[in-house]
Amino acid sequence: MSKDMKTLANDKDMILPVCAIFRRFLKTQGLKFTTERALILDAVLGKEEVFEADELLNEMRDAEHRVSKATIYRTLKHLLEANIISEVLIDSRQAHYRTIFGREPKGHLVCVETGKIIEFPVQELGEIADRIAKEHGYDPVSHRFVIYGVSPEAQKGAQAVDG
């Protein structure tokens with residue numbers, strides 16, 4: 001089976017439990033699992049990389065789904081609270097998100113010049129974070145790892161301007 005086929009199979013296996021978890025979470029909040037929320041959840045689970053709320057809104061509108069900006073932002077807030085997605089702290093101007101439920105932890109390499117984001121696995125860092133938390137008596141819940149730098153493309157552009 002190809003990698004894409006395995007990913008698709010895993011995503012389909014993941015969607016049902018995530019949907020149930022989100023439904024239960026909404027019920028505890030006295031909220032309904034609406035068609036719009038279902039569409040947003042489906043779109044979020046289809047994201048492999050970091051995304052922004054406005055990017056999600058534009059993609060949904062391009063797919064001719066009728067969802068408002070307010071519904072997108074409220075649903076993302078609920079998905080955060082349900083621990084299905086996490087906020088990725090990349091810059092102070094725009095919130096970025098990534099799906100965490102059923103996925104391996106990722107670190108992010110961010111170019112401060114271009115805004116380009118590269119995700120990378122952080123298994124060793126997760127182990128270090130867990131060890132440090134336990135050494136101090138903490139029960140680890142999550143961690144984030146972001147490296148800020150200047151990408152090779154941005155460095156080349158700066159050298160061209162200086163030259």
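Begin by selecting strands 4, 5 and 6, which form an open three-stranded sheet in the order 5-4-6 with mixed pairing; strands here are DSSP runs of E with at least two residues, helices are runs of H or I with at least four, and both are numbered from the N terminus. Two strands count as paired if DSSP finds at least two bridges between them. The edges of this sheet are strand 5 (117-121) and strand 6 (146-149), each of which pairs on one side only. From one strand to the next the twist averages 20°.

Before going further, note that this is a predicted model, in which local features need pLDDT of at least 70 and side-chain atom pairs count only at pLDDT 80 or more, while totals for chains, interfaces and linings use all residues. Residues are numbered from 1 along each chain as its sequence is written, and side-chain values use heavy atoms, with hydrogens and water left out.

**Around strand 4**

Now select strand 4 (residues 106-111), which runs parallel to strand 6 and is joined to it by four bridges. Within this pairing, His 108 has Val 146 of strand 6 as its bridge partner, and Val 110 has Tyr 148 in strand 6. Towards strand 5, strand 4 is joined by five bridges, and these two strands run antiparallel; here His 108 stands opposite Glu 119 of strand 5. Follow the chain through the hairpin of strand 4 and strand 5, where five residues lie between the strands and Gly 115 takes a positive phi near 80°.

**The whole chain**

Zoom out to the full protein chain, which has six helices and six strands. Read from the N terminus, its elements follow the order α-α-β-α-α-β-β-β-β-α-β-α. Of the 163 residues in the chain, 28% are buried, where buried means under 20% relative accessible area, exposed means over 50%, and partly exposed lies in between (1.4 Å probe, protein chains only). Among contacts with a separation of 6 or more, 49% are between residues 24 or more positions apart, a contact being heavy atoms within 4.5 Å.

**The other sheet**

Next select strands 1, 2 and 3, which form an open sheet in the order 1-3-2 with antiparallel pairing. Strand 1 (51-52) and strand 2 (85-88) are the edge strands, and each pairs on one side only. Strand 1 and strand 3 (residues 96-99) run antiparallel and are joined by two bridges, with Glu 52 standing opposite His 96 of strand 3. Helix 4 packs on this sheet and touches strand 1, strand 2 and strand 3, its direction making about 105° with that of strand 2; axes are lines fitted to C-alpha atoms, for helices over the stretch in contact, and angles run from 0 to 180 degrees between N-to-C directions.

Pause at Ser 86, which is placed in strand 2 and which, at 18% relative accessibility, counts as buried. Apart from neighbours within four places in sequence, Ser 86 is in contact with Leu 80, His 96, Tyr 97, Arg 98 and Ile 100.

**Helix 4 and its partners**

Select helix 2 (residues 35-45) together with helix 4 (residues 69-81): they pack at an angle of about 65°, with their axes 10 Å apart. The two helices are therefore roughly perpendicular to each other, since angles under 35 degrees count as roughly parallel, over 145 as roughly antiparallel, 65 to 115 as roughly perpendicular and the rest as oblique. On the helix 2 side, Glu 36, Arg 37, Ile 40, Leu 41 and Val 44 meet Thr 71, Ile 72, Thr 75, Leu 76, His 78 and Leu 79 in helix 4. The residues of this contact divide into six nonpolar, three polar and two charged; Ala, Val, Leu, Ile, Met, Phe, Trp, Tyr, Cys and Pro count as nonpolar, Asp, Glu, Lys and Arg as charged, and the others, Gly among them, as polar.

Within helix 4, pick out Thr 75, which is buried with a relative accessible area of 0%. Leaving aside neighbours within four places in sequence, Thr 75 is in contact with Phe 22, Arg 37 and Ile 40.

Finally, add helix 3 (residues 53-62), which packs with helix 4 at an angle of about 125°, their axes being 10 Å apart. That angle makes helix 3 oblique to helix 4. Ala 53, Asp 54, Leu 56, Leu 57, Met 60 and Arg 61 of helix 3 meet Lys 69, Ile 72, Tyr 73 and Leu 76 of helix 4, and by class this contact has seven nonpolar, no polar and three charged residues.
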